[in-house]
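This report looks at an annotated site, some uncommon backbone conformations and one packing of two helices.

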Amino acid sequence: MSKINQKHVPHKIKKNPRFVAMNLLTQVSQNQAYSNLLVDKGIREGNLDARDARLMTEIVYGTLSRQLTLEYYLAPFIQKAKKIEPWVKQLLLLSLYQLTYLDRVPAHGVVNDAVEIAKAYGNPGIGKFVNGVLRNVLRQERPDLSKIKDATERLSIQLSLPEWLVEKLIATIGEEETIALGESLVETSRSSARVNTKYMTQTEAIAFLQEDGYEVEASKVSPVGIVGPTGFLAGSSLFERGEITIQDESSMLVAPSLQLQPSDYVLDACAAPGGKTTHIAQYLEAEQGGRVLGLDIHQHKTKLIEKNAERLHLGDVVTAQQLDARQVSEMFEDETFDKILVDAPCSGLGLLRRKPDIKYSKKPSDFANLPKIQLEILESVATKVKQYGIITYSTCTILPEENQEVVQQFLINHPEFEIIEVAGAEPFASKEKWITLYPHQYGTDGFFICSLQRKAK
């Protein structure tokens, strides 16, 4: 910890949402910490009230989502500075974000808070520097991004996406769709939850939440989904009672794709923390022999699966086991399971709206080995599903090499399987029958789903 961090900071500053945001953004930039985990921690430790928590969350996600654009805007104003501490840079970036993109935040409040934080956390000299930079920012227009000559660099800064990802997306979906996708990623994520249909219907859950003051409506993607523009649904009494659970709408399309019957024995090969496992469990009946086994490579994560199942009152059909999904072939007899879900480990590039830090911290080389692992998992489970049984392969990424190419290679190796419609999600299907949801299409996470049915011998 630096000398600056050890310095006494007045309580008033510590509770300032901009100070909390600055600390979180510094941790993300220096330690590659995950923003979604830090925001929850920041709200608790800063003891922020609801209004300040909303502002802090908006500042953190907004600044992260537009980081490359903001750095480009800030660069001319700090060219002459000899050295800028990481926390000072984050303070300037989050202030610039508010001055550029937030209409309801008064500019004098942004500048005054930034200067007070700089003086308290640093010294009067840093406060003077921050004041000078932000006053200059207020006096000048933002640089015109259209004047950036190189097209890839221009889109990278405009959309705040690294150049390698811009190139990859253009190669996959074209420039127009890439721009639409990139622009959607800086929008605020919606709140979404899945109804536990063992206990109530979607209509009943929406009515209950609306009576409790939540602004929610039915999902247009899933018949068991609820969405809202804002609102902490995990704080609702329905969540506490296990009648809803937090899940993105795209993920809710996975369990129905298995065409589940109440008596099925199902394997969820990469299950933690158990969102899809518990959705599968909603279709099963213990009295009829229905059960789902959730695997995870880490012991502590199998506890999360069990905890989720207990909270949703589905523990009678859910069991969890520590196992690397690539070892399934060694642990179970052939044709053990009626259905198998492989929600494979992936690059997570479909989650960039909710986890914007991923796009800056990851490189293509970080993902190079993933298709090999994904195919190994599919190979491991291939003989464990019964004849006419279904294996659903899904990921939360939008890259073909982790999705379509893995499926195609699996089918080359296993002609005893064929692609079938993703049941319950037919409107979203491609001509090849698989589904790729992009974040800009329905406001969901990016997601891929493909159902494979084993033919008769």
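Accessibility is described here in three classes: buried means under 20% relative accessible area, exposed means over 50%, and partly exposed lies in between, with a 1.4 Å probe and protein chains only. By that scale E335, at 26% relative accessibility, counts as partly exposed. The model is predicted, so that local features need pLDDT of at least 70 and side-chain atom pairs count only at pLDDT 80 or more, while totals for chains, interfaces and linings use all residues. Residues are numbered from 1 along each chain as its sequence is written, and side-chain values use heavy atoms, with hydrogens and water left out.

**Annotated site**

An unreviewed UniProt entry lists a "binding site" that includes A271, P273 and G275; such annotations may be inferred rather than shown by experiment, and the positions are given in the numbering used here, with feature names shortened. Helices (H or I, at least four residues) and strands (E, at least two) are DSSP runs, numbered from the N terminus. A271 is found in the loop between β5 (265–268) and α14 (275–281), and it is buried, with a relative accessible area of 5%. Contact means heavy atoms within 4.5 Å, and, not counting residues up to four places away in sequence, A271 touches T277, G294, L295 and I305. G275, by comparison, is found in helix α14 and is partly exposed at 25%; leaving aside neighbours within four places in sequence, G275 is in contact with R194 and Q247.

**Backbone**

Most residues other than glycine have a negative phi, and most peptide bonds are trans. The peptide bond from A272 to P273 is cis, with omega near 5°, and P273 lies in the loop between β5 and α14. Two residues other than glycine with positive phi are set out below.

| Residue | Phi | Loop | Relative accessible area |
|---|---|---|---|
| H313 | near 60° | between α15 (299–311) and β7 (318–322) | 42% |
| E335 | near 55° | between α16 (328–331) and β8 (337–343) | 26% |

**Helix packing**

Helix α5 (residues 50–65) packs against helix α7 (residues 86–101) at an angle of about 100°, with their axes 9 Å apart; axes are lines fitted to C-alpha atoms, for helices over the stretch in contact, and angles run from 0 to 180 degrees between N-to-C directions. Because angles of 65 to 115 degrees count as roughly perpendicular, α5 and α7 are roughly perpendicular to each other. In this contact E58, I59, G62 and T63 of α5 meet L93, L94, Y97 and Q98 of α7.

Conventions: Parallel < 35°, antiparallel > 145°, perpendicular 65-115°, else oblique.
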